[in-house]
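The following questions and answers are offered for reading alongside the sequence and the coordinates. Each answer closes on the value or name requested.

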Amino acid sequence: MRDEHIKRLLDEAPLASLGKSELAAARAHAEGCAECRRTFEAAQVSSLMLRTRADETFEPSPFFQTRVLAALRERRAAEEGWTFARLWKSAGLLVSSMAATTAALAVLTFVAPQEQVSAQEVASTPYTAEALLFDEAEAEGGQMTYEQVLTTLYESEDEEAR
Amino acid sequence: MELEHAPELELARLARTGDESAFAEIVRRYGPRVFRTAGRFFRRREQVEEAAQEVFLKAFTQLDTFEGRGSFEGWLTRIATNTCLNLMRSARRRPELSASDLSEDEGAWLEQNLAGAAVERQQSEERGLVAADLTERVLGTLTPDDRLVLMMMDGEEASVKEVAEATGWTESNVKVKAMRARRRMREAVEKLLSRGAKMGE
């Protein structure tokens, strides 16, 4: 004990749990070792402090049960409110996306057709079959519709037949 | 069946379905145990009560996890311990304590106990309060884990196994934590004693 000091012994177990012989040996060592004397005193005071503090206990007040139940109801109500708010938010998102889709469809239905090229205009487009075959329109950077291609081809055939 | 005599598994089952009176019975039955656990961490009554309330609210939301393999009390104690540890960790206040911070009463208490005049557990109520105040301040300089392990093992004489059950730590982890915590507490007290001695010279 004299060589190992007593710090390890005091670290390993609560002072109060040491046996009589261990305690006597520790005390004897502390008497002759200045370094360990302070440590031993500190361990004694620590042990007393902790046991005194552990003696302090609290009991629930008679109102504690009521308080917990009230808090539980409050928390549940808040959670329900939160769930409702989330639902409401999701519903809002859904409604606004539906409105946006409806508006987009309306625009496509009533505005877009006016921009479409009419059949008359297609028919009067001055394309020739040669121009089509040699892809002149493409070379000029123009774009032709399917109707324009058909009209141009069949018109030239009709003229030849006449 | 009267709830007062209902087995814990039945109470837990009823509370899980939203039965408030079953939950009220749980609070009544296990309140003292939860207060005892919270009392290891906090010393002001309102703090203890606040922590205990938080424990029960958390337990209510976690009732699904109680499978009835162990005791309900053990399950609740673990929730209580971990909730209090988290509350204390989130406070993050561990001020240094020096001899100059001690009140006159605290200094006198230390001096008397250092002289070996009263290294007895039985003290007057007033001196007991001084000791508990001082202990709280010393414990306040340690980590929540250190405090818990010291309060349980050195204060309440709990076994390594009991601490492991209450915290969910392994037994070897408890032993290591206890060794370190004892050393830190001793060093904090030693510092107070040596400064006190210097001041007295």
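Q: In what order do the elements of chain B run from the N terminus on, and how many helices and strands does its secondary structure come to?
A: The model is a predicted one. In chain B, the elements run α-α-α-α-α-α-α-α-α from the N terminus on. The secondary structure of chain B therefore holds no strand under the DSSP assignment. The count comes to 9 helices and 0 strands.

Q: What share of the residues of chain B count as buried?
A: A residue counts as buried if 20 or more other C-beta atoms lie within 10 Å of its own. Chain B has 201 residues, and the buried share of these is 36%.

Q: What percentage of the contacts in chain B with a separation of 6 or more is accounted for by residues 24 or more positions apart?
A: The contacts considered in chain B are those with a separation of 6 or more. Among these, residues 24 or more positions apart account for 65%.

Q: How are H1(B) and H2(B) oriented with respect to one another?
A: Helix H1 (residues 8–16) of chain B and helix H2 (residues 20–41) of chain B have axes that come within 7 Å and cross at roughly 135°. An angle over 145 degrees would count as roughly antiparallel, and one of 65 to 115 as roughly perpendicular. Because the crossing angle falls in neither range, H1(B) is, relative to H2(B), oblique.

Q: What is the handedness of the crossing of H1(B) and H2(B), and which residues of H2(B) meet H1(B)?
A: H1(B) passes H2(B) in a left-handed crossing. By class, their contact has 6 nonpolar, no polar and 1 charged residues. From H1(B) come Leu11(B), Leu14(B) and Ala15(B). They meet, in H2(B), Ala22(B), Phe23(B), Glu25(B) and Ile26(B).

Q: How many helices and strands does chain A have, and what share of its residues count as buried?
A: Chain A comes to 9 helices and 0 strands, in the order α-α-α-α-α-α-α-α-α from the N terminus on. Residues 24 or more positions apart account for 60% of its contacts with a separation of 6 or more. Of the 162 residues of chain A, the buried share is 17%.

Q: How are H2(A) and H3(A) oriented, and which residues of H3(A) make their contact?
A: The axes of helix H2 (residues 20–32) of chain A and helix H3 (residues 34–54) of chain A come within 6 Å and cross at roughly 130°. That angle makes H2(A) oblique to H3(A), and the crossing is left-handed. The contact has 4 nonpolar, 1 polar and 1 charged residues. H2(A) contributes Ala26(A), His29(A) and Ala30(A), and H3(A) contributes Cys36(A), Arg37(A) and Phe40(A).

Q: Which element gives the largest share of the side of chain A that touches chain B?
A: The contact takes 34 residues from chain A and 45 residues from chain B. On the side of chain A, the elements giving two or more residues are helix H1 (7–12), H3 and helix H4 (64–110). By class, that side has 17 nonpolar, 7 polar and 10 charged residues. The largest share, 16 residues, comes from H3(A).

Q: Where in chain A is confidence lowest, and where is it highest?
A: The mean pLDDT of chain A is 79, and 73% of its residues reach 70 or more. Where pLDDT is low, the predicted coordinates should not be read in detail. Confidence in chain A is lowest in helix H8 (residues 136–139), at a mean of 52, and highest, at 91, in H1(A).

Conventions:
Residues are numbered from 1 along each chain as its sequence is written. Chains are lettered from A and ligands numbered from 1 in the order in which they are written. This is a predicted model: local features need pLDDT of at least 70, side-chain atom pairs count only at pLDDT 80 or more; totals for chains, interfaces and linings use all residues. Axes are lines fitted to C-alpha atoms, for helices over the stretch in contact, and angles run from 0 to 180 degrees between N-to-C directions. Helices (H or I, at least four residues) and strands (E, at least two) are DSSP runs, numbered from the N terminus. Angles under 35 degrees count as roughly parallel, over 145 as roughly antiparallel, 65 to 115 as roughly perpendicular and the rest as oblique. A crossing is left-handed if the near helix is turned anticlockwise from the far one by less than a right angle, and right-handed if clockwise. Two residues are in contact if their C-beta atoms, placed from the backbone, lie within 7 Å. Ala, Val, Leu, Ile, Met, Phe, Trp, Tyr, Cys and Pro count as nonpolar, Asp, Glu, Lys and Arg as charged, and the others, Gly among them, as polar. pLDDT is the predictor's confidence in each residue, from 0 to 100. A residue is buried if 20 or more other C-beta atoms lie within 10 Å of its own, exposed if 12 or fewer, and partly exposed in between; C-beta atoms are placed from the backbone.
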